[in-house]
Each structure stands twice: as C-alpha cells, then as structure tokens.
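Reader: I'm new to this one and would like a close look at a single part of it, the sheet and whatever packs around it. Could you walk me through that slowly?

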Amino acid sequence: MLVLGIESSCDETGVALVQCEGQAIPTLLSHALYSQIEMHQAFGGVVPELASRDHIRRVLPLTQEVLSTGDRLLAQVDVVAYTRGPGLAGALLVGAGVACALGAALDKPVLGVHHLEGHLLSPFLSVDPPEFPFVALLVSGGHTQLMRVDGVGRYALLGETIDDAAGEAFDKSAKLMGLGYPGGPALARMAEQGDPAAYKLPRPLLNSGNLDFSFAGLKTAVLVQAQRMVAADLAMAAGEEPPKSQPNGGSTAGFDALPMVQRCNLAASTQAAIVDVLVKKSMTALNETGLQRLVVAGGVGANRALREQLNLNCAKQGVRVHYPELHLCTDNGAMIAMAAAMRLQSGLQDAVMAYAFDVKPRWPLDGL
Ligand code: KG4
Ligand code: ZN
C-alpha cells in the first residue's frame with residue numbers, strides 16, 4: 001500500500017510517500033519540504049493568511065517531486081493522507097482540500113491525520129524504531145505533553161503545559177534577546193557557547209507533584225534578567241550605578257549590543273531551565289508508569305542539550321530513549337504519511353471515499 005501524506009498545519013508544506021506491507025513497519029520512500037520561515041521572518045512570527053496562500057503554491061510541485069524521487073506515479077497512490085488538525089484553520093484547509101481533490105480524481109480513499117499523532121509516531125521512521133508501550137514527551141511549538149502510549153491510537157495524557165509550550169518558551173525568550181523568529185534553534189546555537197549556571201532562572205512546577213508544565217513565568221524571568229543586563233550596561237557606559245528596580249523602562253532594546261559572552265550565558269541559562277524541567281518530568285513519568293522506554297517527538301526534540309540530558313538520565317535508569325531523525329523532528333509530510341499507514345495497519349481507522357472535509361484547528365490528542 002502506497003500512502004501519500006500532506007502536512008500543511010503551520011509554516012511548513014511537507015509531502016511524503018510511505019510504503020506499507022502487511023504488519024511490517026512502513027518505510028519512507030521520499031519526502032519533500034518547503035519551509036516558509038523566510039517569508040514570515042519579516043513579521044516576527046507566522047502570518048496565517050500568508051501561510052495558507054504559500055501552501056497553495058507549494059503543495060502540488062512538492063507532490064510531483066516526491067513521486068519523481070520515489071519513482072512512483074500518482075495513479076499508484078492507494079491512500080491520500082493529510083493533517084486534519086490541530087493547526088491554523090486556513091493552512092489546514094489547503095492540505096485537506098488538495099488531499100480530497102486528489103483522492104476524488106484518483107478514485108482513492110483519504111484519511112485525515114492528527115498532527116501530534118504524526119509527531120508521536122515519527123520515531124518509527126528512524127533506524128532504531130521504538131516498541132510499544134512507551135512514555136512520549138511531545139515538545140513542539142504549540143504543545144508540551146507527556147503521554148502514556150500503549151499502541152497506535154492508545155494515548156493517555158499524563159501531563160501537559162498549563163500555559164506556554166516548551167517551543168514557545170524557546171521562541172519567546174529568543175525574540176526578546178533579538179534573535180528573531182523562530183528563535184528556538186538560534187537560542188540553542190547561542191547556548192552552546194554559554195554557561196548554563198550563569199543566571200538563576202526559575203524551574204516552574206519542577207516539584208509540583210504532578211506532570212504538568214508551565215513556562216510563562218520563565219519567559220517573564222528571562223525578560224527581567226535581559227532588562228537588568230541592558231540597564232546595567234547602559235549605566236556602566238554612562239559611569240552610573242546600575243538601577244535597582246524597573247530596569248530600562250521594560251525594554252530589552254540594546255540586548256543585542258551586549259557582549260557576546262553575556263548573551264550566550266543568558267541563552268544557556270534559559271535553555272538549561274527548560275531542559276531541566278522537561279527531563280525531570282519525563283523521568284518522573286517513567287517512574288510512575290514503570291515503563292522502560294521514552295520517545296521524544298516534536299521540534300524541541302531536535303535540541304542537543306535536551307537529548308544529552310535525557311540520554312544521560314535514561315542510561316542511569318536503564319531506560320531506552322528514542323528520537324525521530326533530526327530532520328524529521330520539526331513538521332514534515334513523512335510523519336503524516338507514517339501515522340496514516342500505522343492507523344490503517346492497526347485496523348483502527350479506514351481511509352474513506354468521502355471527499356467532504358473539515359479541519360480541526362483545536363483537537364486534543366487523547367480525544368482520538
Ligand atoms: O514540531 P514543530 O516543528 O511545530 C509545531 O508543531 O509546533 O516545532 C517547532 C518548535 C519551535 O518552537 C522551534 O523553535 C522549536 O520547535 N525548535 C527548537 C529546536 N529546533 C526547533 N527548540 C530548541 N532547540 C532546537 N534545536
Ligand atoms: Zn508540529
């Protein structure tokens with residue numbers, strides 16, 4: 001069975017072909033991705049309407065590309081899968097509309113996939129795929145969740161963020177450090193040169209006794225620290241004492257003119273605070289469930305410091321940890337084709353020959 005997958009939930013158009021035989025783990029034949037990051041950079045974040053329009057431009061050329069590199073014809077596609085949600089409504093509608101149009105034209109069934117299920121199952125595309133059951137740490141730009149995963153479609157939420165997601169904490173901290181959008185990878189790069197213990201930042205809900213997260217307060221602490229650093233720098237330049245309260249009128253303007261070592265230290269301290277919380281809660285989830293496997297998925301799963309700390313802690317506890325391939329951590333079509341293939345294999349869901357579609361901009365994964 002040949003599955004064509006289309007991802008268009010946010011600022012990346014992804015298309016992929018996955019081959020699925022019997023109960024064997026499906027294999028990736030080809031995938032292609034177009035990232036809109038450059039287009040949105042000028043606005044400091046994703047502009048939904050521009051995103052939708054760009055998905056329209058990219059999706060068919062990318063489909064042709066994966067057919068050509070996968071050495072397949074459109075007529076050989078058995079199922080067309082698309083991201084049904086969660087995500088930006090207009091962006092989702094593009095993928096859903098194109099998938100249903102292709103399905104109708106080819107007289108083949110279609111299947112709407114949950115974006116987070118795509119992330120969750122993406123490690124099955126790696127050379128070292130996990131086995132069920134496992135604890136999943138889902139860390140993307142919009143979600144931070146710990147789940148118990150007993151099989152395809154068998155997801156129980158253990159804990160999640162009550163405000164910002166981990167990716168958001170990276171992105172918002174990066175923005176106030178003048179690193180632009182999306183700041184996560186840029187902040188991570190700066191953090192490599194810094195001292196993670198340089199600034200004391202809060203580890204929200206670290207000892208809350210449950211598996212929930214909160215990152216909004218951390219972002220505020222980073223903001224206050226950045227303001228202090230700018231105010232101290234300005235005062236020093238003017239030969240004055242640094243102000244004790246209300247530093248710099250609430251602005252971080254000038255942060256990017258601070259000495260590199262200071263900026264890298266704040267980046268490293270921010271990253272360390274986020275990583276500490278993610279690692280501690282993941283280890284608690286493993287202890288509480290008694291499971292011996294951890295799967296990490298979503299964009300923040302590409303973070304090197306997070307991987308290092310998880311590897312270290314899991315090795316200590318004799319737990320196996322699995323990640324998607326680095327280039328499949330962030331949004332892509334391969335994970336959507338893969339999730340569709342695995343749902344079909346598990347008999348949980350059939351692809352349908354009905355081409356009326358809806359999308360679900362908000363869609364809890366444990367409601368699947
Ligand atoms: O999963 P994803 O591509 O999109 C969503 O479904 O949200 O995740 C994107 C998020 C962004 O917040 C981005 O800054 C973050 O993942 N990210 C990283 C890294 N690479 C991507 N955060 C920290 N370190 C990285 N290396
Ligand atoms: Zn995503």
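Author: Let's start with a bit of vocabulary: two strands pair if DSSP finds at least two bridges between them. With that in hand, look at strand 9 (residues 293–297) and strand 10, which run parallel and are joined by three bridges. Within strand 9, Leu-294 stands opposite Val-321 in strand 10. One thing to keep in mind as you look around is that this is a predicted model.

Now zoom out to the whole sheet. Five strands make up an open sheet, ordered 8-7-6-9-10, and their pairing is mixed. At the edges sit strand 8 (154–160) and strand 10, each pairing on one side only. Going from one strand to the next, the twist averages 25°.

What lies across this sheet? Helix 8 (residues 260–289) does: it lies across strand 6 (134–139), strand 7 (144–151), strand 8 and strand 9. Its direction makes an angle of about 155° with strand 6.

Helix 8 also matters for the packing story, as the helix gives 13 residues to the largest nonpolar core, the most of any element. That core has 50 residues, and those touching the most other members are Leu-137, Phe-215, Leu-266, Leu-278, Leu-294, Val-296 and Leu-306. You've already met Leu-294, the residue opposite Val-321. The elements giving two or more residues to the core are strand 6, helix 5, helix 6, helix 7 (216–237), helix 8, strand 9 and helix 9 (304–317). Apart from this core lies another one, of 35 residues, with Leu-125, Leu-138, Leu-328 and Met-342 among them.

Val-296 is a nice residue to click on. Leaving aside neighbours within four places in sequence, Val-296 is in contact with Pro-123, Leu-137, Val-139, Gly-301, Leu-306, Leu-310, Val-321, His-322, Tyr-323 and Pro-324. Two of the names in that list, Leu-137 and Leu-306, are also among the core residues that touch the most other members.

From strand 10 you can carry on along the chain to the metal. The zinc ion (ligand 2) has His-115 (NE2), His-119 (NE2) and Asp-331 (OD) as its protein donors, at 2.0 to 2.1 Å. Along the chain, the donors follow the spacing H-x3-H-x211-D. His-115 lies in helix 4 (residues 115–121), while Asp-331 lies in the loop between strand 10 (320–322) and helix 10 (333–346), so this pair ties together parts that are 216 residues apart in sequence. The site is tetrahedral, with angles of 95 to 133° among its four donor atoms. For reference, the ideal angle for four tetrahedral donors is 109.5 degrees.

Are those two donors buried or exposed? His-115 counts as buried because its relative accessibility is 7%, and Asp-331 is buried too, with a relative accessible area of 13%.

Before you leave, here are a few backbone spots to look up. Most residues other than glycine have a negative phi, and most peptide bonds are trans. Asp-107, in the loop between helix 3 and strand 5 (110–114), has a positive phi of about 60°. Its relative accessibility is 53%, so Asp-107 counts as exposed. There's also a cis peptide bond from Tyr-181 to Pro-182, with omega near -15°. You'll find Pro-182 in the loop between helix 5 (166–176) and helix 6 (183–191).

Technical notes: Residues are numbered from 1 along each chain as its sequence is written. Chains are lettered from A and ligands numbered from 1 in the order in which they are written. This is a predicted model: local features need pLDDT of at least 70, side-chain atom pairs count only at pLDDT 80 or more; totals for chains, interfaces and linings use all residues. Side-chain values use heavy atoms; hydrogens and water are left out. Donors are N, O and S atoms within 2.8 Å of the metal (3.2 Å for Na, K and Ca); water is not among the atoms, so sites may look incomplete. Four donors count as tetrahedral if all angles lie between 85 and 135 degrees; four count as square planar and six as octahedral if opposite donors are over 155 degrees apart and all others between 65 and 115; anything else is irregular. Helices (H or I, at least four residues) and strands (E, at least two) are DSSP runs, numbered from the N terminus. Buried means under 20% relative accessible area, exposed over 50%, partly exposed in between (1.4 Å probe, protein chains only). Axes are lines fitted to C-alpha atoms, for helices over the stretch in contact, and angles run from 0 to 180 degrees between N-to-C directions. Contact means heavy atoms within 4.5 Å. A nonpolar core is a set of buried Ala, Val, Leu, Ile, Met, Phe, Trp, Tyr and Cys residues joined through side-chain atoms within 4.5 Å.
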